[in-house]
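Trainee: Could we go through the aromatic rings together? I'd like to hear how the labels are earned.

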Amino acid sequence: MTELMDVLLFLFLVITAFGIIRMRDLFAAVMMSGLFSLLSACLFMVMDAVDVAFTEAAVGAGISTVLMLATLAITKREERGDRRRVEPLPLLLCFAIGSLLIYGTLDMPAYGDPEAPVHTYMAPRFIEKSKAEVGPPNIVTSVLASYRGYDTFGETTVVFTALVGVLLLLGGRLRLRPSSTMDITMGVDLRAVKRRQAERRQAVVDPSAAGDDAAGDNGGAA
Amino acid sequence: MFAVAMLAILICMALLIARAFTGPTVFDRILAINSFGTKTVLLIAVLGFMTGRPDFLDLALVYALMNFIGTIAVLRFTRYGDLSAFDRVLEAEHHTDPNWP
Amino acid sequence: MIELLEQGPGLYNYWMVVVLMMLGLYVLMAERNLVKKVIGLNIFQVSVIMLYITMGKVTGGTAPIYVEGSEDAIYSNPVPHVLMLTAIVVGVATVALALALVVRIHEEFGTLEEDEIQAAEGHG
Amino acid sequence: MILDVLSWLLLSGGAVVLVLTGFLILRMPTFYTRLHAASVNETLGPALILIGLALQTGDYANGFEVLLKLLLVLVFLLLTGPVASHALAKAAITNLVMPGQFKRIQSQEQQERERKEQR
Amino acid sequence: MKHNRILRVPVKSLVPLIMMFGLYVQFHGDYGPGGGFQAGVIFAAAIVLYTLVFGLRRARRAISLRALEITVAVGVLLYGSVGFVTMMLGGHFLGYDRLAHDPLHGQHYGILLIELGVGITVAGVITALFFLFAGRGLRPATRERVEPEEDATLEESFEGAGAVEGTP
């Protein structure tokens, strides 16, 4: 049954990927990529990778989709629809590389083979010793946090750096721009407000010099 | 007997994927994908019992949660074309409604 | 079909992974739309993760979390899981950064199509 | 034994509900009728299957924990499913058309289909 | 008419529960699936859900971006400082054996601390990313730019309006 699930889910996955590629509507494509990610998380679950499934579900189906939707909200919803033909050169290249890779897989150990080279080095040691050396029952956690602690430190730093990059690109100084303030104030034109304020300030300034100081102080303090 | 339920879930998934692709309107797609998320939750639960280790139900909870968030985000997008411009609506309500928290 | 059920999928997983990978590559090469490219990158990334996880699976094994009270349980290989956990995290960081770039490009050029951007820059 | 039979009944009932509503989602003519099928698919199907699974937890060592989590998942699904359906219907009504005007929906679908065929 | 009451009531009660679930994932990661990264994402997801239903401004009033920046830095620093402390105690960088008398306990503390660091970092990063992307939407995407100086004076004058009017 698990094998059948594996086969079917992979089939669904490839069909979904095809569908995403053929879609013109970016919004629909983003939604379908959420579905794609849910499917792949199911597959990880079938292949015993519980932690990976956990992460993929949390990131791919939730956060990635939300971020992409936010991007679409700021940019465009539709792809330009004039070109519908298939590009020959990339297609040919993909076929060539793909057939080479498939030729390469012929030498790979079959799915689930316990004698595969991957399972003979490192992994048995982790599985046998990690309980005695590190402690937690979850082997993935003990490898992630203890044996490969450097790696995780690097990962955390990468996430941190990504935030720094996005802050540089999108952050700027963190307050609302005038045009957006206009949005929020239901179409009250802030420029008009500003003009009126300037006039009023001028009116305050003109009669006496004392008013000038007060208005200037207030403006400066704000 | 878990196999029967699993098979039903897989069939339902296939049907939902078909609807998500053919769906003429956006809302059909959203509906299909939302239902699909629920099916994945069920798949995790049944799979745990099938393989004899039903202690991974945290995952099912996460799937349900993320699916809900995704659906809400998509609906926000279709409703307002934006994930944040609906602030306007909320603010307006805030000004007109004295009972608003 | 029955043979397949008895023997297990064999190399089927790898082939599907290759197909996915090529789909992602095709999108990256042929598509002009930047958001679509990010989605293609996502597909490619999932295919790579899938390859590793496929290699980590052991027939008859369970998830690499110790089963209480049983000494002879077979576990799947935890090492690919750890590597791919890191890869997913880095992947979401990449996607976020790419999307931020897309947003900035759209603000600057008003379009998401690559050829239009090149034309606007003057060497299209 | 009785629990086993009951659980089997619930599981197969859930399976039937899932497949039937899945077909309905695919085959129903308009969006609102499909939504009708989908909300059954999102509440009744999972409820039957999860309760069926919950009756099986007695066989496991950590059965109580599993039972608790299953119920938590069930509560969460029953809480969020109808909310999502409601939000979906509301969004559809504001963006699309009212449920009574089937002809307009159908003509819109027709237009979409024609536009697709033209591509 | 109240806006989206049906959405609001369940979400309001769900958000704290989701946060609690995030904490469970964080500290249960040793025994089952989960860990710092997943917990951070779930924690951030709760905030995202709140933002989606109640609006960005309310969410930002609760959690400012400045605070998020500090949080993220604190997470990375926590991770790094664990490694530093183990070096100070005479071990390797991130060799947790030295953190307690019993190496197993040391490993336990070490894993707990660095998972906490990862969780804090990721929660902060994801929330900040969402705030940045959604907040960008508040500005209509046009090609005309608003110069910072003009921007500043506008805001100043808008905020100072009450003061100017208040001075008779």
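Mentor: Sure, let's take the ring pairs one by one. This is a predicted model, where local features need pLDDT of at least 70, side-chain atom pairs count only at pLDDT 80 or more, and totals for chains, interfaces and linings use all residues. Residues are numbered from 1 along each chain as its sequence is written, chains are lettered from A and ligands numbered from 1 in the order in which they are written, and side-chain values use heavy atoms, with hydrogens and water left out.

Trainee: How many aromatic pairs are there over all chains?

Mentor: Eleven.

Trainee: Why is the pair of F126(A) and Y147(A) called tilted?

Mentor: Rings of Phe, Tyr and Trp (its six-membered ring) pair if their centres lie within 6.5 Å; planes under 30 degrees apart are stacked, over 60 edge-to-face, and the rest tilted. Here the centres are 4.6 Å apart and the planes 40 degrees, so the pair is tilted.

Trainee: What makes F126(A) buried?

Mentor: Buried means under 20% relative accessible area, exposed over 50%, and partly exposed in between (1.4 Å probe, protein chains only). F126(A) has 6%, so it is buried. Y147(A), at 28%, is therefore partly exposed.

Trainee: And why are F21(E) and Y24(E) called stacked?

Mentor: Their centres are 6.1 Å apart and their planes 25 degrees, so they count as a stacked pair.

Trainee: Is F21(E) buried or exposed?

Mentor: Its relative accessible area is 13%, so F21(E) is buried. Y24(E) has 29% and is therefore partly exposed.
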